[in-house]
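Reader: I would like a close look at a single part of this model, taken slowly and with its surroundings kept in view. Please begin with one acidic residue and work outwards from there.

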Amino acid sequence: MSVSGLLELAHQKLHWPELAQVMEPTGAGPSVYARLAREKLGRNIKNLLNGSGADLQVGVLAPNPHGDETEAPIAVVCQFPIPVSEATLKETYRLAWSFARSPSLITAEPDRLRIWSCYEGPPTEFENLRPVAEVSRQQLELFDQTSLSQQAADTLHIHWADLVSGQFFQANNKRFQRSQSADQMLLSNLKSVRKQLNKLKLDYDTIHDLLARIIFIQFLFDRKDSQGNAALNPDLLAHLHEQGHLLESYENLTDIFRNKRDTYNFFRWLNHKFNGDLFPGKGATEAEREHEWQAEEHKVTEQHLNLLAEFVSGDLEMETGQGCLWPQYSFDAIPLEFISSIYEEFVDKGKKNADKGVHYTPGHIVDFILDGVLPWDSGEWNLKILDPACGSGIFLVKAFQRLIYRWKKSYPNEEITAPILQQILTDNLVGVDINSQAVRVASFSLYLTMCDEIDPRYYWEQVRFPRLRDKRLISADFFQENVEGFRTVADAGQYDLVIGNAPWGKNTVTQFAKSWAKTNKWPIPYGNIGPLFLPKSAALAKAGQPIAMLQPALALIFNQISTAKRFREKLFYEYKVDEIVNLSALRFGLFKDAISPTCIVTISAELPNGEPLSYICPKPVASNEDDYRIVIEPHDINLIYPQEAIQDSLVWTALMWGGRRDLALVRRLSQGQNFEKLERAKIAIKRQGIIRGNRKKYQEDILGKRLVRQFPARTFIFINLEDLLPNEDPYTHSRDSSDFSAFEIPQLILKQAWTIDSKRFQAAIILSDEDKQGVLCSESYVTVHVPRQYTSILEAACLTYNSKLAVYYLLLSSGRFASYRPEPNVDELLRVPIPENPIRLQDIQTLDFDDVDNRVCEAFSLKDSEWLLIEDIFNYTLPDFKGNRSSPGRQSTRSQSSTLFRTIASELVLKEYCTCFLKVIKAGFGTNKNICAKIFQEHNTPYMPFRLIAFYLTLNDEGEEIQVEPVDSLDLIEQLEGLNQSFLKKSSIEEGEYSISGLLKYMILFT
């Protein structure tokens, strides 16, 4: 055992990974995080432990320590050889909080193990740290026994299953608010000082330059070598004073900013040492360079610098009323790529010509993309990489880090030097962005990354930043054809990899992009520039090499307008589409203030070969995990053949939320009757309700007619005309129709939006004593009229629209409802199938939703197995998508009482699961089959991260279909534990192609 031994105990008692997999994970991604934690935290903490520092162990608790995926760790782990002081814990916490790559910190001392939240700011000098969970060695030793200690473990949610599934973070949700994490607080602080500087009449470009410099300088103050000596320190500042570079001797950055003249003396000295793009003075002649310096010095006043001095000292009050946390950050530990993210979030904000379609890219999304096209575990480092919409450089920074890692892997006995890093920067990375300020920040971010790889002892002698702007980082429109490096023909086939997050949005296409699209015959859906980045990037990539980009999901896979269809068809005919990851269900967790859904598209610069593409649709976990992980379950992955992708729009929506059986059912239902077909047959007339809009059109015909503004309370199947108020407003939108024939009796009113309360769509037939008098409706509704001889169609349709089947069909066929808004468009709404068999509405007043569903199921002649598909979507999938942590699919299979007291519980959740499973089996093999199920419970043993159910193909002796039985076989327990370990080691499926995070909910055995 190690000195402390508590992590070994956690492995034995709580099924945490083995100590070796915490400190030295075998997977490429986790090993990178573990190395970073040792470098950023370990070397600083060791200096606090004096003689005991050599026995300190620092690592990470990774969801899958054997996998190569770059998933954020569950926790940073520090195992101390001795009990440590509060001061040491506070410093450890400050470093872990600044590390900002994990939601929690775990500290293990000889006598206790504690879990801390890294989503809370560091305590002040007079405050104490508060652990989220704490267990003693004695409690831990008793955790596999039926005791109060075991109950404590269950209550604390610290079993491995609780940690890796997110239950621990859900149970302590108030302690894990992402807004208090170091990266988010730093972003908030920088925004605040940026706003205050702008109020003092300083322009945004200069503000961004100054903020970049103070981050860089603070990094130099915090970056320490193996002996604990910082690159910038008071001794060096005193030396600069002695050499005449500074007028006075200083202790810190705050003091320097109090003197404007020395501030710029210091900037000039740093510029001389590092060169690059961080400072002014990049003109061609000495006079031009001096003019740039003088221009900035003239703009930046002592008032501006005094405000920055207050900021870095922590004395500046933020807009929130709280103090600035700048002194609390360790800039050596903060993820360097986050600096890019900061600027990507607020670059050009406040300007009239702010960029359209620019989206902040979370770091874990970039890692997710790069894991597929630039994995860590390769020795090939000399690759030429292009980001055609580089923004502030987060893709390039992370690609740079991976190329460095690969170089080290190729040359394990050599130390990477500044000249090699300069060579990689100038030979292997190219970025383009239309925003010049973003390019400046990208340059700065890459310089920081370069510094992070070099021992601070060599900064002042070896490090010279290469000039990147206008050479490797180019401010231009990617679709310009006169700029070297990304001309479609002249620069074709230059790049080994193209990556990025293209700008996108309606009417974002530029004149250069329009011209390029016209020349190369690419349609432009909704004037959206984003999709055009794919074919131009493919033209620049080497044959067979990948292009992986974030793209608008609506324009690329869901929209059915002609331009979108033609773009999709051309893309699938001309290039091999390898993978599409549909992130629609995650959009609010991934992109703050996101409206339109996104996807990740990976194509190869070669013709398609008929092989299917992987269509992956991850779902939110509805916990804090969504902030830093993408969890992919096996059922989130489907294969789609190119011809399907081109010809059948249903594959994108049906396979987003369902599987192949759902797709088959939706295809069959779509072949039947619906209002769209009835309208083409001149049987039905439909129109959207009255659109008020600009109110420029006077329409006297609508005065006095009854109006459905919204369905009256308790509306079900019918609406009495007398229950509606007359319309007294004759004005509509200038382009609104004057054809009111759809507002006649017989009339069906459809509500466009899905209703939260009933979790259904809503439709009602208008009851009127008058022969022709129908009702108007607002634009949130659709009206359908048919001749009287077709009234039975309206009745059947009304029941169908109110049924579970309508919800199922629209979720699996409407791109808008499936990915975007709980409101399909009118055309999609009218494609809901209507049964050919009439449904009589006798005794209609006694109907409830169950009766509606039963009649609709019977009218469509649906099998039990098909109706189970519908119910599964309705009862679990949709509530999970539209709901929250309390939705039924996110609940534990164990009741709270059975967890606490280890009793044989009723197992209502698993019994319902077994009932459904048995129905499906009987639907396929016959209802006369005597099949039964047995649910096993852990009774006197630790909980496994899965449940065990056995299905017997013969009925048991007791004649019960479902039984509950405790696990009492030690041999079975050992086998299950071995199975658990094999799951932990299994890093992927499909021959290592896709990472799978999370746990199996059930293990199913047939006997």
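Is Asp-332 buried or exposed, and what is its relative accessible area?

Author: This is a predicted model, and in it Asp-332 is buried, with a relative accessible area of 0%. A residue counts as buried when its relative accessible area is under 20%, so the value of 0% places Asp-332 in that class.

The partner to consider is Lys-40, which forms a salt bridge with Asp-332 in which the closest N and O atoms are 3.1 Å apart. Lys-40 belongs to helix 3, while Asp-332 sits in the loop between helix 15 (302-313) and helix 16 (336-346), so the pair ties together parts of the chain that are 292 residues apart in sequence. Lys-40 is itself buried, with a relative accessible area of 3%. The pair is also part of a wider arrangement, since a network of salt bridges links Lys-40, Arg-43, Arg-223, Asp-332 and Asp-452. In general, side chains of opposite charge can pair when their charged atoms come close.

Lys-40 has a second role in the picture, as one of the residues through which helix 3 meets helix 4. Two packed helices are described by the angle between their axes and the distance between the axes. For helix 3 (residues 28-46) and helix 4 (residues 86-99), the packing angle is about 145° and the axes are 10 Å apart, and helix 3 passes helix 4 in a right-handed crossing. On the helix 3 side the contact is made by Tyr-33, Leu-36, Ala-37, Lys-40, Leu-41, Asn-44 and Ile-45, and on the helix 4 side by Thr-92, Leu-95, Ala-96 and Phe-99.

For comparison, another salt bridge can be set beside this one: the side chains of Asp-377 and Lys-409 meet at 3.1 Å, N to O. Asp-377 lies in the loop between helix 17 (363-373) and strand 6 (385-387), and Lys-409 in helix 18 (residues 394-410), so this pair ties together parts that are 32 residues apart in sequence. Here, however, Asp-377 is partly exposed at 46% relative accessibility, and Lys-409 is likewise partly exposed, with a relative accessible area of 44%, whereas Lys-40 is buried and Asp-332 is buried. A further pair joins Asp-578 to Lys-576, with the closest N and O atoms 2.5 Å apart, and Lys-576 counts as buried at 13% relative accessibility.

A polar residue elsewhere adds to the view of buried positions. Asn-559 lies in the loop between helix 24 (553-558) and helix 25 (562-574), and this residue is buried, with a relative accessible area of 15%. Its contacts, leaving aside neighbours within four places in sequence, are with Tyr-526, Leu-554, Ala-564 and Arg-568.

The chain as a whole gives the setting for these details. It contains 39 helices and 29 strands, and buried residues make up 59% of its 1007 residues. Of the contacts between residues at least 6 apart in sequence, 74% join residues at least 24 apart, and the structure holds 47 salt bridges. At the surface, the accessible area comes to about 41200 Å², with 47% of it belonging to carbon and sulfur atoms. One nonpolar surface patch, of about 290 Å², is made by Tyr-698, Leu-703 and Tyr-731; of these, Tyr-731 is placed in strand 19 (residues 731-732) and is partly exposed, with a relative accessible area of 35%.

Methods:
Residues are numbered from 1 along each chain as its sequence is written. This is a predicted model: local features need pLDDT of at least 70, side-chain atom pairs count only at pLDDT 80 or more; totals for chains, interfaces and linings use all residues. Side-chain values use heavy atoms; hydrogens and water are left out. Patches are made of residues with over 30% relative accessible area and no salt bridge: like charges are joined within 9 Å, nonpolar side chains (Val, Leu, Ile, Met, Phe, Trp, Tyr) within 5 Å. Accessible areas come from the Shrake-Rupley method with a 1.4 Å probe; for residues, only the protein chains shown count as cover. A salt bridge is a side-chain nitrogen of Lys or Arg within 4 Å of a carboxyl oxygen of Asp or Glu. Helices (H or I, at least four residues) and strands (E, at least two) are DSSP runs, numbered from the N terminus. Buried means under 20% relative accessible area, exposed over 50%, partly exposed in between (1.4 Å probe, protein chains only). Axes are lines fitted to C-alpha atoms, for helices over the stretch in contact, and angles run from 0 to 180 degrees between N-to-C directions. A crossing is left-handed if the near helix is turned anticlockwise from the far one by less than a right angle, and right-handed if clockwise. Contact means heavy atoms within 4.5 Å.
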